[in-house]
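Colleague: Thanks for sitting down with me over this one. Could you show me the model, so we can talk through its strands and its ligand?

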Amino acid sequence: MKAVVFEQSGGPEVLRLAEVPAPTPGEHELLIDVHATALNRADLLQRRGLYPPPPGASALLGLECSGVVVQVGPGVTRAAVGDRVMALLAGGGYAERVVVHEGIALPVPERLSLEDAAAVPEAFLTASEALLVEAELRAGQSVLVTAAGSGVGSAAIQIAKLRGAFVIGSASAPKLSAVRALGADLALDREREDFVEALRAATSGRGVDAIVDFVGGSALPRHQSCLAERGRLVAIGLLGGATGALDLGRLLMKRQQVRGLVMRTRSTLEKLELVERFRRELLPAVADGRLAPRLDQIFPLSAVVAAHERMEQNQSLGKIVLRVKE
Ligand SMILES: NC(=O)c1ccc[n+]([C@@H]2O[C@H](COP(=O)([O-])OP(=O)(O)OC[C@H]3O[C@@H](n4cnc5c(N)ncnc54)[C@H](OP(=O)(O)O)[C@@H]3O)[C@@H](O)[C@H]2O)c1
């Protein structure tokens, strides 16, 4: 099968198409004929040699895909040949074929094309875990979604809004109108000097109940200043660095919490549980259009270098999709 490979880690230019052996489905696994996959920030790190795949995972890039089931392994009961599915992967999405556990594959709602569907799993599953499990966001509460124009951020805004939260998104200035269009009640320029004051003014001086934090290090003091009493900051990304100063006095007095979230290295059992939760609680909203992936651009697999360059230069707004099947 055709797949994107790289012999040496480095910039986008190291990526190229090659023929590699196709996987075969084991017990409870589906073989998917991949129609599309989508980029994730982690792909850039893996390409640079900074984020190796977890043990047992495909060494190929690609943390999600959509496609059609072409073969089922022994014991499969939840899907059949011909089904349109979308799935979270620990790797292997940048290829014509991939295998996944039957419980991790979700049915593609009728209204979504397979290109749309490829943009759903990583963004929406990560955002729903962050907001609903780690941040314990409830209706009427407020949340700050940082890097709100990112793939995961664009999903987080929609899920938080659907849950009845007051949503503030922060991003670079060119992305603010799109952040509002995604449903944010307020969009804040992340370069704004009076960022904290503007956020406090919008929350009657309290600060926000939850923060979905993709930035970390450099912005940690500022984000902690935005957090209300008993607020939860969920660390998901390290765009601004892995270390930062936390004011423990403030944390203690305001009874704030900081939690970490990672998706890729979770066990199959944990992934089955989170996918099941999503299937039950949010997939119906994807099916009827209340939640929709925000696509940036679709590139053919052969243009993977240009797609990586676009993400690396922070030009994308929402998800970059790679069309695998022409
Ligand atoms: N923990 C997990 O399991 C998990 C899962 C999925 C994703 N993630 C993380 O979530 C983040 C978003 O991923 P993605 O694939 O959705 O990313 P993406 O679509 O590439 O979007 C990232 C955006 O973040 C903004 N940004 C870049 N550097 C920044 C900085 N230093 N400070 C503030 N904003 C910055 C840029 O937008 P602006 O133009 O607004 O600056 C950029 O376009 C990444 O950090 C990724 O590693 C984590």
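Colleague: Which strand pairs with strand S11 (residues 208-213), and over how many bridges?

Modeller: First, a word on the source: this is a predicted model, where local features need pLDDT of at least 70, side-chain atom pairs count only at pLDDT 80 or more, and totals for chains, interfaces and linings use all residues. Residues are numbered from 1 along each chain as its sequence is written, and side-chain values use heavy atoms, with hydrogens and water left out. Strands (E, at least two residues) and helices (H or I, at least four) are DSSP runs numbered from the N terminus, and two strands pair if DSSP finds at least two bridges between them. Strand S11 runs parallel to strand S12 (residues 227-235), over 5 bridges.

Colleague: Nice. Which residue of S12 is the bridge partner of Val208, and which helix joins S11 and S12 in a β-α-β unit?

Modeller: Val208 has its bridge partner in S12, namely Leu227. The unit is right-handed (with the strands pointing away from the viewer, the path from the first strand over the helix to the second runs clockwise). Its helix, between S11 and S12, is H7 (residues 220-225).

Colleague: What is the bridge partner of Ala235 in S13?

Modeller: S12 also pairs in the parallel sense with strand S13 (residues 257-260), over 4 bridges. There, the partner of Ala235 is Gly260.

Colleague: Now the ligand: how far is its oxygen atom from an N or O atom in the side chain of Ser172?

Modeller: Ser172 is among the residues that come nearest, of the 26 around the ligand (near means a heavy atom within 4 Å). A polar contact is a pair of N or O atoms within 3.5 Å. For the Ser172 side chain, the distance to a ligand oxygen is 2.5 Å.

Colleague: Which helices each supply at least two residues of the shell around the ligand?

Modeller: One of them also has a backbone contact in its range: a polar backbone atom of Gly151 is 2.9 Å from a ligand oxygen. The two helices are H3 (121-134) and H4 (151-162).

Terms used: Polar contact = N/O pair within 3.5 Å; in protein donor to acceptor, adjacent residues only side chain to side chain.
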